[in-house]
Amino acid sequence: MQQAKTTIETPAAEQHEGPSIKSHLAGHLRDYGMLAALVVIMLLFQVLTEGTLMRPVNLTNLFLQNSYIIIMAIGMLLVIVAGHIDLSVGSVVGFIGALAAVMMVNWHMSPFLVVPLCLICGLLIGAAQGYWVAYWKIPSFIVTLAGMLVFRGLTLALLEGQSVGPFPSGFQLLSTGFVPDLFSDERPNVTAILLGVLAAGAIVLLAARSRARSLRFGIDEEPFAFFIVKNGLVAAAIVYIAYLLSTYRGLPNVLITMAVLIAIYTFLTNKSTIGRRIYALGGNEKAAKLSGINTERLTFLTFANMGMLAALAGLIFAARLNTATPKAGFAFELDVIAAVFIGGASMSGGVGKVIGAVVGALIMGVMNNGMSILGIGIDWQQVIKGLVLLAAVIFDVYNKTKQR
């Protein structure tokens, strides 16, 4: 005797119904929370400084002052996602700046030769530290703490306790140069506006393609209305900032450098095999190793990459100051690590995004800039930044506890 089979059919509209805006926000509270915090902080300081914060000249200085922090935060994100830490980046910044100064000022070498040599040197420094962490299993905290002391001492030795400079004008363009206007010599800078529009259009196009690809596989990551509003606001913000910068001197060279790095590392972490493996390594190293991932090589590569980006930050910082000083890079590692954690990375590894690290660095930069304009002393600035970092970590722990 056969039993009749009954099936309950679900309407097609219900089968493909995407998440609500409320549920989507709840699932991405940390990501959007930090972005909202950046907007609120900027609006707050815009009011408190009576409009000074968003003036084109101050906005340009904001990017110049925080470019090296953002660049290092991208590299530090990969290190922290892999489950490690690098305390030596500030000392590497100072050492590379000193090395570049000695090569250009004392040895009269061309900047076109010095820059790649310094980047290779930074890569080797990161690789040397990564070797001990990856293959000898020495804790990264100890290895990089030793590196901090070693390269701080080498910086003093190279400079003999004195500042060395100034640098050739070609080298200074690395930080203080601007993209020339290809259409006119008058303000606003048309090239800056055009590049801003192209960047905004590219972001919207890539987001639309990613959404379409997800929908083809039956994945509806966010409500359509929210998708439109979010990307519209991002595009408008980029165009508006480009316009503000165009009314001063245009887009700084270092802003283009940051944009290219953000694009490369966002693709690396979101779309590439090596990026997914780094997250797997940080999430559970033993499971990653058992699944066939070469965890030692990945750890080695993350530290080598960090060393190279720290070297680039050191060159940009030295070019901005137009001199190399023995105290260059002092305590930079604290701002970089704080930026990554504020941006949503987890100390246990496996969690974090490039855009989050950039947002975290911008939060730190806007706070530094705004408090300096208001005349708040360095003592209270440190207190406030420490409290912000603590609040970000507490917020992260609260979200994880709530999701369990």
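How many aromatic pairs does a search of the whole structure find? The count is 9. Keep in mind that this is a predicted model, and let's walk through the aromatic contacts, the salt bridges and then the surface patches.

**Aromatic contacts**

A pair of aromatic rings is described by the distance of the centres and the angle of the planes. Take Y135 and F300: their ring centres sit 6.2 Å apart with 55° between the planes, which makes the pair tilted. Y135 belongs to helix α6 (residues 111-135) and F300 to helix α14 (residues 295-321), so this pair ties together parts that lie 165 residues apart in sequence. Neither ring is hidden away completely: Y135 counts as partly exposed because its relative accessibility is 43%, and F300 is also partly exposed, at 24%.

For a pair with another geometry, look at F167 and F171. Their ring centres are 5.2 Å apart and their planes meet at 75°, so this one is edge-to-face. Angles over 60 degrees get that label. Both F167 and F171 are buried.

Back to Y135 and F300, since they have company: together with Y131, W132 and W136 they make up one aromatic cluster. F300, in helix α14, has a further long-range neighbour in A128, with the two C-alpha atoms separated by 8.6 Å although the residues are 172 apart along the chain.

**Salt bridges**

Side chains of opposite charge can pair when their charged atoms come close. The whole structure holds 4 salt bridges. Here are three pairs from that search, with their N to O distances.

| Acidic residue | Basic residue | N to O distance |
|---|---|---|
| E285 | K137 | 3.8 Å |
| E296 | K289 | 2.9 Å |
| D335 | K385 | 3.6 Å |

What parts of the chain does the D335 and K385 pair tie together? D335 lies in helix α15 (residues 332-342) and K385 in helix α17 (residues 378-403), so the bridge connects parts that are 50 residues apart in sequence. The two ends differ in how covered they are: D335 counts as partly exposed because its relative accessibility is 21%, while K385 counts as buried because its value is 10%. The cut-off for buried is under 20%, so D335 falls outside it with its 21%.

Salt bridges with shared partners also join K137, E285, K289 and E296 into one network. Within this network, E285 forms its bridge with K137 at 3.8 Å between the closest N and O atoms. That pair links distant parts of the chain, 148 residues apart, with E285 in helix α13 (residues 285-290) and K137 in the loop between α6 and α7 (140-159). Both ends are partly exposed, E285 at 36% relative accessibility and K137 at 48%.

Then there is the bridge between E296 and K289, at 2.9 Å from N to O. Are its ends buried or exposed? E296 is buried, with a relative accessible area of 15%, whereas K289 is partly exposed at 43%.

**Surface patches**

Now for the outside. Which residues form the positive surface patch? They are R209, R213, R216, K271, R276, R277 and R297. Helices α9 (190-216) and α12 (273-283) each bring at least two residues to this patch, and α9 gives the most, with 3 residues. R216 has its place in α9, and it counts as exposed because its relative accessibility is 64%.

There is a nonpolar patch on the surface too, formed by L182, F183, V190, L194, L195, L198, I256, V260 and I264, with about 820 Å² of accessible area together. Helices α9 and α11 (253-271) each supply at least two of its residues. Which helix gives the most to the nonpolar patch? That is α9, with 4 residues. L198, one of the patch residues, is found in α9.

So helix α9 turns up twice here, giving the most to the positive patch and the most to the nonpolar patch.

Conventions: Residues numbered from 1 in each chain as written. Predicted model: local features only at pLDDT ≥ 70, side-chain atom pairs only at ≥ 80, totals over all residues. Heavy atoms only, no water. Patch = residues over 30% accessible without salt bridge, like charges linked within 9 Å, V, L, I, M, F, W, Y side chains within 5 Å. Areas by Shrake-Rupley, 256 points an atom, 1.4 Å probe, with all protein chains shown as cover. Salt bridge = Lys/Arg side-chain N within 4 Å of Asp/Glu carboxyl O. Lys, Arg positive; Asp, Glu negative; His and termini not counted. Charge placed at Lys NZ, Arg CZ, Asp CG, Glu CD. Buried < 20%, exposed > 50% of the residue type's maximum accessible area, 1.4 Å probe, protein only. Phe/Tyr/Trp six-rings, centres within 6.5 Å; stacked < 30°, edge-to-face > 60°.
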